[in-house]
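Colleague: Please take a close look at one part of this structure, the packing of its helices, and set out what lies around it. Kindly state each cut-off where a term is used.

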Amino acid sequence: MAQEQPPMPAMDYHYEALDGKTGDLEAAYSDEIVVSETPETGLTSGEAKLRLAKYGYNQLPEKKESLILKFLSFFWGPMPCMIWLAAAVELVQCVTGSKEHYADFAVLLGLQFANGTVAFFEEHNAGNAIAELKASLAPKANVTRDGQNMIINARELVPGDLITLQIGSVIPADAQLIGERTIEVDQAALTGESLPVTMKAGDTAKMGSTVRRGEMDAVVVKTGANTFFGRAAGMISEVRQQGRFQKVLFNVMSFLMGLATVLVIIILCILLVDNGTSTKQLLESIGTAVVILIASIPIAMQVVATVTMAVGAGMLAKKKAIVARLSAIEELAGMHTLCSDKTGTLTLNKLKLDDPIMFGPMSAERLVFVSALAAKRLDAGQDAIDTCITNKALENSTKAEMGEYKQVNFIPFDPAIKRTEATLEHPKEGRFRVTKGAAPQILELCVDRAHVERKVLNVVNNLADRGYRALGVAVTNRDDKFEFAGVLSLFDPPRHDTKATIERAQAMGVQVKMITGDHTAIAIETARRLGMGCTIHCVSAMKSTQENDRQNSKEETKIDAKEGLIDVRQDLDDMILAADGFAEVLPEDKYKIVEVLQNSGQIVGMTGDGVNDAPALKKAEIGIAVEGATDAARAAADIVLTEPGLSVIIDAMLMSRKIFQRVRNYCIYRVAGTIQLIFFFFVAIFFRPSDAFEGESEKNFRLPVLAVVFITLVNDACVLTISRDNVISAKSPQAWHLKEVFIISAVLGFTAVAASICLLLVGFQAGKSDPSGLPCLVFEGCKANYGNVQSAVFLNLCISDIITVFSARTRSWFFTRRPAGALAIAFVFAVCSTSAISLFVSFAGMKHIGWRTAGVIWVYVIVCFLIRDGLKILAYYIIDTSGIIDRQGYLDLVQQKKKEMMSEEVCRKFSQDLVRAVKRSMDATDELFGFTKEIPERKDSY
């Protein structure tokens, strides 16, 4: 173990005081509650209420943003400014005498206010939902009031409250420590200190810091805005990492904006060259170019994608999974490996206590009773082991009988010593001490160690081979020396649905790796029962294996799962990638495991519940805080589970893959739509109506501003319903493969451009003096004026753009999956409204068309759509067969090897053979497995 380094000096924080003088932040504290005024029984409920009224809730004041200013903020930004610019151009034309532009101006204003209002209410509703979720995740505090221990919301703490700070808890307020023990506190978020600080009685633990080791009582001295955290809140910045989804959206948006901007600038230059630069012509050209840019750039892409994931987050919340970071949903869809805790996630976390094994004159009933005394006396909040033992003791005793034993001192569990200890005092039995914990550590304290050690360790080994957790118990004699009293055996059975859940995960291409602090044999037994495979590595053995290989490259030692041999010459990273799980894991080992998996290209999910899990949760793409996790773990996680078990994660994974499909489908549709619109207008600008239509002065083909805006409105409104579209969850981890997205979008987009240009050519032929052929099929009387052609093209662009969504949402023929009702209704509404405008409305130079023309265009669009859908299928086939996209390479990051399943008897024999092999190979494998040369030491997690 590396030597402990001295803590880094705390960073000096200063602030601008109210009087304008700069001073040290902590020196500004005044009027602290005198610790001696707080009785051992804590405050009374009445006194707590008075202080709550005086000092207020223990929470930071939130800056309330004006709803009016918030609403107005949605009308400022790159895209709103473009719409304002287009509206201003139309208004100037109206003022200069072109009254026909009033309609364009009104529609642009309507579009602006509609977008801003919808966005405001969406965010406002989302903010309310987030506030409700935050309230459900409010931190708790262990406080003593009226002489009783209770769990309350941390916001209800008041100065003078007596609280208990436990390992893994976030300190809820500035509190002065009392008592004889010490604790280690992580203040990195406040002071930047990289190492935990050891604190003792008299020191002030600051709100927001985390207890890394130990347990201690403290008295609250400052709450809310008066705390160090409250004063320094303005100086503490939150680091936000850009997730995979943000990067994808940024790349797609950048490509489309760059493409559209370049082509629109060319269009504007052509308009200015052909129409001149007079004030009227200049304004008309700028207005046309700006509106085409608005229609081409996917304004709603971020909104649609966010709404889609927000809807999914709401569905996940109903499944007891609260999403703290929306982009984690998309990353969960691509997850290769889930590193799962064993206790409480794969198992019930409801330990069962078997009959104890005695090593002295004490009765089994008495052993359980004194073991229960070696626990923190709490009405609520005891850990699982203490709860199990206490409940067993209360079957034959009462709380009153336990209350006769006064707890003079208590040493809480510490991973460094792996035990708890209580000093007790009884009127008849006098003073004595009880300790319980990992058997090897308990034996080190006992005076009778030499006589019982081998027998105790054999018992512990046998229990471990059967998947039981063994705890040693020792009690002091009259000379205040510990004597070994017995062994308690506990077992945490797997959840009834865990095995089926793991099978579902494996069928979906996701491997589940067990990570536990328990002994290797316990992990193997649990893995065997769950069908996970029994390639479980002891982390300390893995570290020693790598070191052993470096020191002795010629030696080869093999221990096989069935023959008793394991290959110790494997590289550490390869061992991590090939393992089904890891045992005897320390919190810092989890970070390394995640890092190795990520370096291989995998997207990793990590579950955790303790403060020491926070670095690994942050490191993983998807950090998952399981039910009952500490405040620190929940703060570091992307998803917080409010229901125990692994099935919640699998449900979330299924949901995330559906959400991914919806967002990907929308991206394909929107890129295709942008290609269709911008390239059509780019090509159409070279068509000269003045040459094709008699009496027409327009030198370039273009649609009225109002028509282009309507195309944008109808398309965006229609695809908003894609957030609830029917999709099928993929059977394997999902990746974006942007090359594939752009290829499919290009096929759908450019074929639509070609179809629209063909219709435009037919329209221009209908303007000739003696048309024949196709114009006679499309237009009544074979003749059409410029306004009729504009309406025909408008109808074609609207329907062909909207109908593209049905092709984009499937890899096969569009009819192979039924669309959601909302999407179908939106499509029907869009088609009917655009058809009605083309049939009955004439505006801004556009002339309505007849039923025959509209019917031919509908048929034409459908035929072209079928051709486009077929070309899409062909494109997917070429992509899959030519290797343009290395889809299999992404899936092969996780090699689903065949699991070597072992029977219960073979599994026990393997563990026993493992120990014997270690003993026979002391020269090489003692160091490998971290065992002492005399007796193999069990590193049972307590």
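Modeller: The account below starts with the whole chain and then turns to the helices and their contacts.

This is a predicted model, in which local features need pLDDT of at least 70 and side-chain atom pairs count only at pLDDT 80 or more, while totals for chains, interfaces and linings use all residues. Residues are numbered from 1 along each chain as its sequence is written, and side-chain values use heavy atoms, with hydrogens and water left out.

The protein chain holds 34 helices and 26 strands (DSSP runs numbered from the N terminus, helices being H or I of at least four residues and strands E of at least two). Of its 942 residues, 53% count as buried (under 20% relative accessible area, against over 50% for exposed and in between for partly exposed, with a 1.4 Å probe and protein chains only). About 41900 Å² of the protein chain is exposed, and carbon and sulfur atoms supply 57% of that area (Shrake-Rupley method, 1.4 Å probe; for residues, only the protein chains shown count as cover). Of the contacts (heavy atoms within 4.5 Å) between residues at least 6 apart in sequence, 72% join residues at least 24 apart.

The close look begins with helix H24. Two packed helices are described by the angle between their axes and the distance between the axes. Helix H24 (residues 647-684) and helix H27 (residues 738-765) have axes that come within 7 Å and cross at roughly 35 degrees (lines fitted to C-alpha atoms, for helices over the stretch in contact, with angles from 0 to 180 degrees between N-to-C directions). The crossing of H24 and H27 is right-handed (the near helix is turned clockwise from the far one by less than a right angle; anticlockwise would be left-handed). The residues of this contact comprise 19 nonpolar, 4 polar and 2 charged (Ala, Val, Leu, Ile, Met, Phe, Trp, Tyr, Cys and Pro count as nonpolar, Asp, Glu, Lys and Arg as charged, and the others, Gly among them, as polar).

Val671 has its place in H24. Val671 counts as buried because its relative accessibility is 1%. Beyond its neighbours within four places in sequence, Val671 is in contact with Val252, Leu256, Phe742 and Ser745. The C-alpha atoms of Val671 and Ser296 are separated by 9.3 Å, although the two residues are 375 apart along the chain.

The largest nonpolar core has 136 residues, of which Phe680, Phe681, Phe701, Leu703 and Leu760 touch the most other members (a core being a set of buried Ala, Val, Leu, Ile, Met, Phe, Trp, Tyr and Cys residues joined through side-chain atoms within 4.5 Å). H24 gives the most to this core, with 23 residues. Not counting residues up to four places away in sequence, Phe701 touches several residues, including Phe680, Leu760, Phe764, Tyr786 and Val793. Another core lies apart from it, with 26 residues, among them Leu367, Ala372, Val434 and Val473.

Asn715 is found in helix H26. With a relative accessible area of 4%, Asn715 is buried. Again leaving aside residues up to four places away, Asn715 touches Tyr669, Cys798, Asp801 and Ile802. Its C-alpha atom and that of Cys798, 83 residues apart along the chain, are separated by 7.6 Å.

The loop between H26 (705-719) and H27 contains His737. Most residues other than glycine have a negative phi. His737, not a glycine, has a positive phi of about 50 degrees.

A further packed pair is helix H29 (residues 786-808) with helix H31 (residues 851-882), whose axes come within 10 Å and cross at roughly 35 degrees. H29 passes H31 in a right-handed crossing. Among the residues that meet there are Leu795, Ile799 and Ile803 in H29, and Trp858, Val861 and Phe865 in H31. This contact divides into 11 nonpolar, 4 polar and 3 charged residues.
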